[in-house]
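Let's work through a few exercises on one protein. Have a look at the sequence and the model, then try each task before you read its solution.

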Amino acid sequence: MSYHAMPLQCYCGEVPEQILEVGFTSDQHMVIHYWCSSCKRVMFASHTIEECREHCPPAEPEAVAEDARFLLSMGIVG
Ligand SMILES: [Zn+2]
């Protein structure tokens, strides 16, 4: 399974050092609640399911995913 970190940036351009909370809304948005130490403000980033899908790396072939599951079951994380 490949992994892609979600880019998070405050309006001021700073990358937040601290994520306070991640949650979901009744209208199916994922909300990330973080602290910007530069602005000294609490910020919210909201993403729809479609936006989350856009950030996901492409799916891997089944054989590769199968190997990853096997390695994970052995306690090996690639
Ligand atoms: Zn900021």
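**Exercise 1.** How many helices and how many strands does the protein have?

*Solution.* Keep in mind that this is a predicted model. Going through it, you'll find two helices and three strands. Next, put them in order: starting at the N terminus, the elements run β-β-β-α-α.

**Exercise 2.** Work out whether the protein is a compact globule or more spread out.

*Solution.* Start with the rule: for 78 residues, the globule rule gives 12 Å. Now compare: the radius of gyration is 16 Å, well over that value, so the protein is more spread out than a compact globule. You can also look at the box that the C-alpha atoms fill, roughly 45 × 30 × 20 Å along the principal axes. As for burial, 3% of the 78 residues count as buried.

**Exercise 3.** Describe the sheet: what is the strand order, and which strands stand at the edges?

*Solution.* The sheet is open, with the order E1-E2-E3 and antiparallel pairing. E1 (18-24) and E3 (41-48) each have a single partner strand, so they stand at the edges, with one side of each left without a neighbour in the sheet. From one strand to the next, the twist averages 20°. Now zoom in on E2 (residues 29-36): eight bridges join E2 to E3. Across this pairing, Tyr34 stands opposite Met43 in E3.

**Exercise 4.** Check the span of helix H2 (residues 62-73).

*Solution.* At 1.5 Å a residue, the 12 residues should span 16 Å, and the end C-alpha atoms are 16 Å apart, so the two agree. H2 is hardly covered, with zero buried residues. After H2 comes Gly75, whose phi is positive, near 85°.

Notes
Residues are numbered from 1 along each chain as its sequence is written. This is a predicted model: local features need pLDDT of at least 70, side-chain atom pairs count only at pLDDT 80 or more; totals for chains, interfaces and linings use all residues. Helices (H or I, at least four residues) and strands (E, at least two) are DSSP runs, numbered from the N terminus. The expected span of a helix is 1.5 Å times one less than its number of residues. A residue is buried if 20 or more other C-beta atoms lie within 10 Å of its own, exposed if 12 or fewer, and partly exposed in between; C-beta atoms are placed from the backbone. The radius of gyration is taken over C-alpha atoms; the globule rule is 2.2 Å times the number of residues to the power 0.38. Two strands pair if DSSP finds at least two bridges between them. Axes are lines fitted to C-alpha atoms, for helices over the stretch in contact, and angles run from 0 to 180 degrees between N-to-C directions.
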